[in-house]
Structure formats: C-alpha cells, structure tokens
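User: I'd like to learn how to read a model like this one. Can we start with a single residue and then zoom out?

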Amino acid sequence: MKLIRGFTLIELLVVLGILLASSFILIPIAINQIQGSQTFSEIKILYSNIFTQQQNSFSGLKNSSYGIAFFTNKYELYTGESLATSTFREEYYFKNNIAITGINLTSGTEITFPKGSVKPNEYGQINLSDGLETYQISINKEGLIEYAKL
C-alpha cells in the first residue's frame, strides 16, 4: 500500500492566516492608491480646462474673454468678462470626496483671461483635497499654470 502525503490541517491554517493578515494590510493601501489616482486625475482635468480657457482667449475664439469660477465642490467655465455676465457656462463637479479647500486669488473666486491674452486678470492658488492628499494649482500673473502635491 502506497502512503499518500499531503499538508496537515495546521499547515493549511498557518498559510491561510498569513494570507488573511497580508490582505488586511494590502487592501487599505490599494484603496488609498486608487483614491489618490482619482484625485490626481481630477487635478489634471482642472489644469487642462484652465489651459483651454486661456488658449481660447488668446486665440480670439468667438472674439470673447474666457474664465473659470471656483466653488467648493465644482467649478464653472464661462465665456465673457465674468461669471455674472457670461454668455455661456459649463459646470464640472468633482468626483468622490474631492473638494476645493482653499482659493487664494488676488481678488474673488474667478480667473478671467481677457480676449487676445494669456495673462489672467486674477492669479494665485487653488487647493484641492480628498481628505488624504492635497494638491495645489498655481497661476502666476504671466499666465503660467502649474500643479503640485502639497
């Protein structure tokens, strides 16, 4: 009679315990990475929209000024001298728990690019956070737009 060898119950329980412990460690890390990448994606979209408004203004599209207005959980792109007098508006809501946590512009909560110019009327920083990570988008008085993780 041939003896069949296998794993004992203790060996199987030890392996399952190790796998369970490692999953308790790795799953929260993976969730944080996914949430961080979603926040970074929102930053890139906002950066791109600011840049597009700047280029629309500089190119003289529709012979108008272009701007962007910031709120806590959204921002609005507009065509015109200000949001109040705009002829066109488009709203963008942030996904998940992402929100603007700080608006430090020279005046107000809007950045307007006068027609034919890349230089904004208002400049400064906008901070966005998901509760774990904070990013800052900066625009200087010459119109250079940058973003960084704080």
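User: Okay, which residues does Asn-127 touch, not counting residues up to four places away in sequence?

Analyst: Keep in mind that this is a predicted model. Leaving out residues up to four places away in sequence, Asn-127 touches Ala-99, Ile-100, Thr-101, Gly-102, Asn-104, Thr-134, Tyr-135, Gln-136 and Leu-150.

User: Which side chain does Asn-127 join in a polar contact?

Analyst: That would be Gln-136: the two side chains make a polar contact of 3.0 Å.

User: Is Asn-127 buried or exposed?

Analyst: Buried means under 20% relative accessible area. Asn-127 comes in at 14%, so it counts as buried. For the chain, 36% of the 150 residues count as buried.

User: Where does Asn-127 sit in the secondary structure?

Analyst: Look at strand β6, which covers residues 124–129; Asn-127 is found there. Zooming out, the chain has one helix and eight strands, and the order along the sequence is α-β-β-β-β-β-β-β-β.

User: Is the chain compact or spread out?

Analyst: Compare the radius of gyration with the globule rule. For 150 residues the rule gives 15 Å, but the chain has 25 Å, well over that, so it is more spread out than a compact globule. The C-alpha trace spans about 95 × 30 × 25 Å along its principal axes.

User: And what supplies the exposed area?

Analyst: The chain exposes about 9,400 Å², with carbon and sulfur atoms supplying 61% of it. As for charge, the mean positions of the 11 positive and 12 negative charges lie 8 Å apart.

Key. Residues numbered from 1 in each chain as written. Predicted model: local features only at pLDDT ≥ 70, side-chain atom pairs only at ≥ 80, totals over all residues. Heavy atoms only, no water. Helix = DSSP H or I, 4+ residues; strand = E, 2+ residues; numbered from the N terminus. Rg over C-alpha atoms; globule rule 2.2 N^0.38 Å. Buried < 20%, exposed > 50% of the residue type's maximum accessible area, 1.4 Å probe, protein only. Areas by Shrake-Rupley, 256 points an atom, 1.4 Å probe, with all protein chains shown as cover. Lys, Arg positive; Asp, Glu negative; His and termini not counted. Charge placed at Lys NZ, Arg CZ, Asp CG, Glu CD. Polar contact = N/O pair within 3.5 Å; in protein donor to acceptor, adjacent residues only side chain to side chain. Contact = heavy atoms within 4.5 Å.
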